[in-house]
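Biologist: Hi, do you have a moment to go through a structure with me? I'd like to ask a few quick things as we look at it.

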Amino acid sequence: MKPEELIDEVIAIATDAGITIRDIYLKGNFEREMKSDNTPVTSADLAANKIICDRLTALTPDIPVLSEEAADIPLSVRESWKRYWLVDPLDGTGEFIAGSGDFSVIIALVEHNRPVMGVVYVPMTQVCYYAIAGLGAYKRTDKQEVRISSRQIEHREKVSLRLAVSRRQDPQSVLTLFNHPKHCELVVMGGAALKSCLVAEGRADCYVRVGPTGEWDTGAAQIIVEEAGGQLMDTELQPLTYNERETLENPNFIVVGAPNLEWDKILIGE
C-alpha cells in the first residue's frame, strides 16, 4: 500500500494512543522507572506502545515495527528492511512527568533509509501534524485541516530568527551556538518533535538539538519539516538517514525553516 492509502488509519492509531496517554496524564496515576540508558519510561509510554505496535502490525503485517520501547534489534536484522515503521509512542516523557503537557505520539514510515510519511499527534491539544513525501505537510485540528509551510527568509540581517527551545533548557546555552545572538528570539516548547513542528508551520525558524536523541525522535518530524519547505540536518548540514548504523542514536542536529540561508555562517558550531 502507498503511504497516502495508509495515512488516515495511521492518524487514527496515533490518536487512539494519544487518548490513552491523555487519560493517564489527567488521572495522574502512572508508574515510572529508569531504563538502562538512564532515561525515564512510564506506564503511559508502554500502554501507547502496545496500541501502536499491535495496530500497525494488523494494518501492515509485512512491514516491521521499530519502536523506542522495543528497539533491541541488531543491524544484521534491520539492514534487510526496505520499509519499516519507526515509532516513539510518547515523545517528551520528561514533559509528561513534569506536567507541562508538551508531549506527542510519533509514527513514521521509512523507505530505503528515508522517512516518506510522518504523523505527530499532540494528546493535550488534539492537534495532528502529518506529511507524505511529495504531497505536502498538514496540520489537522477538530475544526479544520490546513497545509503548513515554514517561514522563508531571504536576508538574515533583516529579521530576528525565532529559535525553538525547551522549557527545561537554559536559553543562554542555545544562544551561544549562534553568531549575533542578539538578533534571536526564543519560542519555548517541550518535546523534540513539537519544536520541529513549530519550525514546519513557521512559528519558529530554527531548532538546534545538542544531546542524545533516537531515530524515532526525528523520523516523522523530518518528513513534516521537509514537506513544509524546511530541512532537518546534522551539524554538517546533511540530512539525517535511518537504519544504517548499529546504533540508533542520532547525531546532534538542526531544524531550519529557510534552507537557503547560510546556516554554516549563522551557527558558530558545536
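Biologist: Let's start with Asp 91: buried or exposed?

Modeller: Asp 91 counts as buried, with 4% relative accessibility. Keep in mind that this is a predicted model.

Biologist: Which strand is Asp 91 in, and what does Asp 91 touch?

Modeller: Asp 91 sits in strand S4. Not counting residues up to four places away in sequence, Asp 91 touches Asp 102, Phe 103, Ser 104, Ile 106, Gly 191, Ala 192, Ala 193 and Asp 217. With Ala 192 there is also a polar approach: the backbone nitrogen of Ala 192 lies 3.4 Å from a polar atom of the Asp 91 side chain.

Biologist: What about Leu 90, where is that placed?

Modeller: Leu 90 is in strand S4, which covers residues 83-91. Leu 90 is buried, at 1% relative accessibility. Leaving aside neighbours within four places in sequence, the contacts of Leu 90 are Ile 21, Thr 42, Ala 44, Asp 45, Phe 96, Phe 103 and Ser 104.

Biologist: Which residues does the UniProt "binding site" annotation cover?

Modeller: According to the unreviewed UniProt entry, that annotation covers Glu 68, Asp 88, Leu 90, Asp 91 and Asp 217. They span 150 residues in sequence, yet no two of their C-alpha atoms are more than 9.6 Å apart, so they gather at one spot. As for pockets, the lining of the largest pocket includes Glu 68, Asp 88, Leu 90, Asp 91 and Asp 217.

Biologist: Okay, where is Asp 217 found?

Modeller: Asp 217 belongs to helix H7, residues 215-227. Asp 217 is buried too, with a relative accessible area of 11%.

Biologist: And what does Asp 217 touch?

Modeller: Once residues up to four places away in sequence are set aside, Asp 217 touches Asp 88, Asp 91, Ile 106 and Ala 193. In addition, the backbone nitrogen of Gly 214 lies 2.7 Å from a polar atom of the Asp 217 side chain.

Biologist: Changing topic: how many disulfides does the structure hold?

Modeller: Zero.

Biologist: Why is there no bond for Cys 53?

Modeller: Because the closest cysteine sulfur, in Cys 128, is 18 Å from the sulfur of Cys 53, which is too far for a bond. A disulfide needs the two sulfur atoms to be within 2.5 Å. Cys 53 counts as buried as well, at 16% relative accessibility.

Biologist: And why no bond for Cys 184?

Modeller: The reason is distance again, because the sulfur of Cys 184 is 8.2 Å from the closest cysteine sulfur, in Cys 206, and that is too far for a bond. Cys 184 is buried, with a relative accessible area of 13%.

Biologist: One last residue, Tyr 130. Which strand is Tyr 130 in?

Modeller: Tyr 130 is part of strand S7, residues 127-132. The relative accessible area of Tyr 130 is 8%, so Tyr 130 is buried.

Biologist: Which residues is Tyr 130 in contact with?

Modeller: Beyond neighbours within four places in sequence, the contacts of Tyr 130 are Ile 7, Ile 11, Gly 118, Val 119, Gly 136, Ala 137, Tyr 138, Arg 140, Glu 145 and Ile 224. With Glu 145, a polar contact of 2.6 Å joins the two side chains.

Biologist: How many Å apart in space are Tyr 130 and Val 165?

Modeller: They are 22 Å apart, C-alpha to C-alpha, with their positions 35 residues apart in sequence numbering.

Terms used. Residues are numbered from 1 along each chain as its sequence is written. This is a predicted model: local features need pLDDT of at least 70, side-chain atom pairs count only at pLDDT 80 or more; totals for chains, interfaces and linings use all residues. Side-chain values use heavy atoms; hydrogens and water are left out. Buried means under 20% relative accessible area, exposed over 50%, partly exposed in between (1.4 Å probe, protein chains only). UniProt positions are given in the numbering used here, feature names are shortened, and annotations may be inferred rather than shown by experiment. On a 1 Å grid over the protein atoms alone, a cavity is a set of points where a 1.4 Å probe fits but cannot get out, and a pocket is an open set with protein on both sides within 12 Å along at least five of seven lines; lining residues have an atom within 4 Å of a point. Helices (H or I, at least four residues) and strands (E, at least two) are DSSP runs, numbered from the N terminus. Contact means heavy atoms within 4.5 Å. A polar contact is a pair of N or O atoms within 3.5 Å; within protein, one must be able to donate a hydrogen and the other to accept it, and residues adjacent in sequence count only if both atoms are side-chain atoms.
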